Structures are given as structure tokens and as C-alpha cells.
Amino acid sequence: MRAGVITILVVAAVVVLIALAMSVRMVQQYERGIVFRFGRVLERVRQPGLRLIVPVADRMVKVSMQTTVVGVPAQGAITRDNVTLTVDAVVYYRVVDPVKVLVNVHDYPAAVLQVAQTSMRSVIGRTDLDTLLSDRERVNTELKNVIDAPTEQPWGLLVERVEVKDVALPDAMKRSMSRQAEAERERRARVISADAEYQASRRLADASSTMSGTPGAFQLRLLQTVVEVAAEKNSTLVMPFPVELLRFFDQLTQGRSTLAQTAGDGRGAAKTR
């Protein structure tokens with residue numbers, strides 16, 4: 001009699017332990033627990049910690065609330081200006097409604113990946129090559145909005161960021177862009193050089209008009225240039241005869257002739273008297 005009671009107690013204890021083990025669930029801090037009771041979802045979401053469920057009747061599914069990073073494989077696409085290229089991207093998303101994630105979509109990571117691929121082809125098809133290469137932020141924002149539209153409300157997912165990693169161009173397009181960049185740089189260099197020559201000519205003209213009022217200024221400038229050239233000591237310098245000196249002798253000769261003529265006129269007038 002006593003042995004039978006002990007056996008019953010032991011069996012009951014084992015059953016209680018098994019039921020307790022089946023009813024206790026551990027929910028981590030980054031998870032949320034969704035309980036299905038006979039196939040129906042309970043409205044209350046289980047928060048992190050030790051949670052109890054009804055054995056046999058309940059089934060708990062844990063959903064991670066962490067941000068998930070999905071790499072979108074390289075996709076071939078044609079831009080609005082008919083340039084064929086290959087683009088790959090990265091999508092950052094997280095779960096905001098764990099009930100919708102489990103009920104409304106099957107295998108949501110694969111679904112997000114497919115939506116990202118199709119959306120990336122669509123956005124690139126509406127964008128030209130220059131915008132894709134220069135205004136990457138606008139392309140990323142448009143991709144985020146396009147991917148987030150079908151996933152947030154019906155699926156309970158929030159797309160946080162979308163980043164275009166790399167844009168692979170054909171070799172012929174790379175050569176064309178390189179030639180275009182070289183031509184643009186050469187054009188800028190020529191414009192800058194022409195502008196510098198124009199400014200230098202204006203300054204030289206102003207300096208010439210200033211020195212024209214003083215005849216000796218040209219000779220002083222010539223001597224200064226000779227000093228600068230002679231500082232190298234690696235060349236032979238031939239000095240031209242200064243024109244100003246010739247003008248000086250010409251003016252001196254003309255002055256003497258005038259004085260002599262004046263003196264002669266004075267003597268002639270004296271004799272006449």
C-alpha cells in the first residue's frame with residue numbers, strides 16, 4: 001500500500017516537472033514572444049524574461065527585434081539615359097510589429113530581399129547616370145521609400161536605411177568619362193591661362209602709361225631687368241644702345257643749335273644798329 005502511494009507521488013511529481021518544463025519559456029531582451037493558442041494568435045505580446053504558457057494548448061514563437069542587415073546582390077539595370085550598369089546595395093531593417101511579421105508574410109528576410117532587388121531596378125531605371133554617381137543620397141532616400149512602402153504597414157517591418165555600395169560601369173563608359181574629365185580639365189586650364197594673360201596685359205598697359213610720363217623710367221626698368229638676368233651668371237647678355245640716350249644727345253644738339261642761332265641773330269642785329 002505504502003509502495004503504491006510512493007509510486008503515484010513520484011509519477012505525479014514527474015508529470016508536474018514535465019508540465020512545468022513545457023510551460024516555461026525564456027524570452028531574451030532583444031526578442032518578443034508571440035503565443036499561438038490552438039492556432040490563434042493571442043493579442044498580448046510576451047516581453048523579455050521568464051514567461052509561462054499553457055502546455056499542449058499554446059505554442060510560442062520568438063521574433064528578433066534587432067536591426068538586420070541584408071546585402072542585395074549585384075543587379076544589372078539600365079538607367080534613364082540608356083546606360084547599362086551593375087549596382088549592389090545594403091538594406092537595414094527591423095521588426096516593429098512581430099504579429100504581422102509572423103502572420104502576414106512567410107520568410108520575411110527573403111521577402112525583403114526580393115522587394116529590394118525589384119525596387120532597386122525600378123529606381124535606377126528612373127535615374128540618369130550623372131545623378132546616380134553624384135547625388136547618391138537622393139538615390140538612397142528614394143530606394144528607402146520604395147522598399148518601405150510595401151513592408152511597413154502590411155508586414156510590420158521598418159526599413160531604416162538603404163545604401164548603394166558600388167556602381168560598376170562598362171569599360172567603354174569608363175574610358176568615355178575619363179576623356180570627358182580630361183577635356184573639362186583642359187578647358188578650365190585654358191580659360192584660367194587666358195584670364196591670367198588678360199590681367200597681365202592690363203597691368204602692363206597701366207605700367208606703360210605710367211612710365212610714359214617719365215622718359216628715364218623705361219631706362220631704369222631696362223637696367224632692373226638686366227640685373228635680374230645677370231644674377232643667374234649662366235648666359236651672355238648683349239646690351240642694346242638705349243634709345244633714351246640718343247634722344248638726350250639729340251635734344252642736347254638741338255639746344256646748342258638754337259643757342260648758336262640766337263647768338264648769331266643777336267650779333268647781326270647789333271651790327272645793323
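**Helix α1, strand β6 and the chain as a whole**

Biologist: In which helix is V10 found?

Modeller: In this predicted model, the helix that holds V10 spans residues 2-23. The name of that helix is α1.

Biologist: Is V10 buried, partly exposed or exposed?

Modeller: The relative accessible area of V10 is 48%, and a residue would have to fall under 20% to be buried or rise over 50% to be exposed. Because its value lies between those two limits, V10 is classed as partly exposed.

Biologist: How much surface does the nonpolar patch with V10 make?

Modeller: V10 shares this nonpolar surface patch with I6, V14, I18, M22 and V56. Taken together, the residues of the patch make a surface of about 550 Å².

Biologist: Which residues is A74 in contact with, leaving aside its neighbours within four places in sequence?

Modeller: A74 has its place in strand β6, which covers residues 68-78. For one of its partners, T86, the separation is 12 residues in sequence, while the C-alpha atoms are 6.0 Å apart in space. With the neighbours within four places set aside, the contacts of A74 are T86, V87 and D88.

Biologist: What share of the contacts with a separation of 6 or more joins residues 24 or more positions apart?

Modeller: The chain as a whole has nine helices and eight strands as its secondary structure. Among its contacts with a separation of 6 or more, the share from residues 24 or more positions apart is 63%.

Biologist: What percentage of the residues of the chain count as buried?

Modeller: The accessible surface of the chain is about 19000 Å², with 58% of that area belonging to carbon and sulfur atoms. Of the 273 residues, the part that counts as buried is 23%.

Methods:
Residues are numbered from 1 along each chain as its sequence is written. This is a predicted model: local features need pLDDT of at least 70, side-chain atom pairs count only at pLDDT 80 or more; totals for chains, interfaces and linings use all residues. Side-chain values use heavy atoms; hydrogens and water are left out. Helices (H or I, at least four residues) and strands (E, at least two) are DSSP runs, numbered from the N terminus. Contact means heavy atoms within 4.5 Å. Buried means under 20% relative accessible area, exposed over 50%, partly exposed in between (1.4 Å probe, protein chains only). Accessible areas come from the Shrake-Rupley method with a 1.4 Å probe; for residues, only the protein chains shown count as cover. Patches are made of residues with over 30% relative accessible area and no salt bridge: like charges are joined within 9 Å, nonpolar side chains (Val, Leu, Ile, Met, Phe, Trp, Tyr) within 5 Å. A salt bridge is a side-chain nitrogen of Lys or Arg within 4 Å of a carboxyl oxygen of Asp or Glu.
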